[in-house]
Every structure is written in C-alpha cells, then in structure tokens.
Amino acid sequence: MKIVVATKNKGKLVEIKKLLLDLGIEVISQDEANINIEVLEDGKTFEENSYKKAYEIMKACNLPTIADDSGLCVDFLNGAPGVYSARYAGENASDDDKINKLLSEMKNASSRAAKFVCCACLLFPNGDKIEARGECFGEILNEKKGTSGFGYDPVFYINEFSKTLAQMDLEQKNKISHRAKAFLMLKEKLKQYLN
Ligand code: IMP
C-alpha cells in the first residue's frame with residue numbers, strides 16, 4: 001500500500017515515514033505524488049482542518065492520504081490561539097512575534113495551564129476514515145527558555161520534566177509530543193484496519 005502525506009514539511013514526512021516503517025507501507029510526500037495544492041485551513045476545529053486537508057489531497061491523487069493539524073490551546077485565553085496558532089500574530093509573523101503576543105495577552109493571567117493538540121486524519125479513496133488526537137499538557141512561562149524546536153516551544157513548560165519543549169532534544173520531544181501521540185494512535189488504528 002502507498003500513502004501520501006499532505007505536507008510540504010520535510011521533517012514531518014521523515015517522522016511519519018519512520019513511524020509507519022514496520023507496517024510495510026510506502027509513504028510519499030504530496031510533492032512526490034505531484035500534488036501542488038495549498039489547502040486553506042479555515043476550519044473551526046483541528047479535526048475539521050485535518051479532514052479537509054486529507055480530503056482535498058486524496059481527491060487529487062486518488063491514494064490514501066494522511067494530514068494533520070495542530071496548535072496551542074491556553075485555558076486563560078479560552079482555548080486560543082487554537083486553530084489560529086500559526087497566524088496568531090499575523091500571516092508572516094515570526095515565532096518570536098507569536099510568543100510575544102501570547103505573553104502580553106497573559107500578563108495578568110490567573111492560570112497558565114495550556115496544551116498542545118494534534119489531530120491526524122487518514123482518508124481512503126473508498127471513503128474510509130481513521131482519525132486520532134494527541135494532547136500534551138504544560139504551562140506557559142513568563143519568558144523563553146531553550147532554543148530547540150519551533151513555534152511556542154520556548155515558553156511551553158512541562159512540570160514532569162522541569163523543562164520547556166525547547167530545552168528537550170528532538171528524540172525526547174518526539175516521545176511525549178501531541179503529534180507523536182496522535183500518530184502512534186493512528187498507527188495502532190491502521191494496524192487494526194489492515195488486519
Ligand atoms: P500546523 O499543524 O503545522 O499547521 O501548526 C500550527 C501551529 O501551531 C504552528 O505554526 C506552531 O505555531 C504551533 N505548533 C504546533 N505544534 C507545535 C509544537 O510542537 N511546538 C510549538 N508550536 C507548535
């Protein structure tokens with residue numbers, strides 16, 4: 001079986017390839033499938049966005065397609081930035097701009113609890129669908145700590161490890177992240193589906 005990953009992000013592709021290696025599935029990128037579509041992520045939930053991305057790419061290539069959507073949800077901000085995490089400080093804003101906006105919105109926060117969420121969706125041309133959701137819980141610091149990772153990692157602190165995600169190496173982050181959890185669950189569901 002061949003599966004297309006709806007992403008232009010090489011890192012994500014490598015991660016997903018590694019994860020599905022032992023299922024004997026050939027994993028290719030949307031570029032390798034010659035699909036050059038930019039899907040508008042205008043859903044109200046992570047589930048809607050991952051489904052929409054998978055659906056549009058799957059329709060274009062007629063192959064099983066995996067897509068995901070993720071973001072940061074902060075309790076004090078009623079779940080914001082949520083599905084707007086990438087565009088929180090405007091379309092072309094840097095990670096620092098996004099973090100600065102977040103910290104200013106949280107100046108007087110009574111709670112700093114937050115979670116990262118990832119929803120992954122695998123759609124088949126026959127209409128079958130496998131979905132999985134992963135969450136990673138932490139709190140938002142007042143200042144950045146650490147330099148690895150991307151996005152909001154430098155201010156996302158995990159008590160259990162006494163570190164931000166940006167203070168972890170990729171191997172450690174990939175064991176506990178929302179994305180790792182979602183894809184591991186997706187893999188388990190896919191195994192059952194194939195049996
Ligand atoms: P997307 O799922 O690739 O569209 O990511 C949405 C946005 O959520 C990213 O641009 C980041 O700002 C944020 N985000 C998602 N996952 C992570 C993560 O693991 N660390 C830090 N930020 C993340």
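In which helix is Lys173 found? Lys173 belongs to helix H4, and I shall begin my presentation there. Please keep in mind throughout that this is a predicted model.

Let us consider the surroundings of Lys173. Its relative accessible area is 5%, and because buried means under 20%, Lys173 counts as buried. The side chain of Lys173 is joined to that of Asp153 by a polar contact of 2.8 Å. If we set aside neighbours within four places in sequence, the residues in contact with Lys173 are Phe150, Asp153, Leu165 and Met168.

Lys173 also leads us to the ligand. There are 16 residues around the ligand, and those that come nearest are Ser70, Asp153, Lys173, His178 and Arg179. Three distances describe how protein atoms are placed around this molecule. In the side chain of His178, an N or O atom is 3.1 Å from a nitrogen atom of the ligand. In Tyr152, a backbone N or O atom lies 3.2 Å from a nitrogen atom of the ligand. In Lys98, a polar side-chain atom lies 3.4 Å from an oxygen atom of the ligand.

I turn next to Arg179, which is found in helix H5. Is Arg179 buried or exposed? The relative accessible area of Arg179 is 8%, so this residue is buried, the limit being under 20%. Not counting residues up to four places away in sequence, Arg179 touches Lys12, Glu15, Asp68, Ser70, Cys118 and Phe150.

Several of these names return when we examine the largest pocket. The space within this pocket is about 1400 Å³. Its lining consists of 49 residues, and Asn9, Lys12, Ser70, Phe150 and Arg179 lie nearest the centre. By character, the lining residues divide into 20 nonpolar, 12 polar and 17 charged. Which elements supply at least two residues each to this lining? They are helix H1 (10-20), helix H2 (46-61), strand E3 (65-74), helix H4 (170-176) and helix H5 (178-194). The largest share, seven residues, comes from H1.

Just before H1 in our account comes a loop worth a short visit. Lys8 is found in the loop between strand E1 (2-5) and H1. With a relative accessible area of 39%, Lys8 is partly exposed. Lys8 and Ser29 are 21 residues apart in sequence, while their C-alpha atoms are 7.3 Å apart in space. The side chain of Lys8 makes a polar contact of 2.8 Å with the side chain of Asn36. Beyond its neighbours within four places in sequence, Lys8 is in contact with Gln30, Asp31, Asn36, Ile37 and Glu38.

Finally, I would draw attention to some points of backbone geometry. Where is Asn34 placed? Asn34 sits in the loop between strand E2 (26-29) and H2. Its phi is near 60°, a positive value in a residue other than glycine. Asn34 has 68% relative accessibility and therefore counts as exposed, since exposed means over 50%. Asn62, in the loop between H2 and E3, likewise has a phi near 60°, which is positive in a residue other than glycine. At 56% relative accessibility, Asn62 counts as exposed. The peptide bond from Ala80 to Pro81 is cis, with omega near -5°, and Pro81 lies in the loop between E3 and helix H3 (95-105).

To close, let us return to the opening residue: Lys173, in helix H4, is buried and is among the residues that come nearest to the ligand.

Notes: Residues are numbered from 1 along each chain as its sequence is written. This is a predicted model: local features need pLDDT of at least 70, side-chain atom pairs count only at pLDDT 80 or more; totals for chains, interfaces and linings use all residues. Side-chain values use heavy atoms; hydrogens and water are left out. On a 1 Å grid over the protein atoms alone, a cavity is a set of points where a 1.4 Å probe fits but cannot get out, and a pocket is an open set with protein on both sides within 12 Å along at least five of seven lines; lining residues have an atom within 4 Å of a point. Grid points are joined across faces, edges and corners, and a volume is the space filled by probe spheres set on the points. Helices (H or I, at least four residues) and strands (E, at least two) are DSSP runs, numbered from the N terminus. Ala, Val, Leu, Ile, Met, Phe, Trp, Tyr, Cys and Pro count as nonpolar, Asp, Glu, Lys and Arg as charged, and the others, Gly among them, as polar. Buried means under 20% relative accessible area, exposed over 50%, partly exposed in between (1.4 Å probe, protein chains only). Contact means heavy atoms within 4.5 Å. A polar contact is a pair of N or O atoms within 3.5 Å; within protein, one must be able to donate a hydrogen and the other to accept it, and residues adjacent in sequence count only if both atoms are side-chain atoms. A residue is near a molecule or strand if one of its heavy atoms lies within 4 Å of it.
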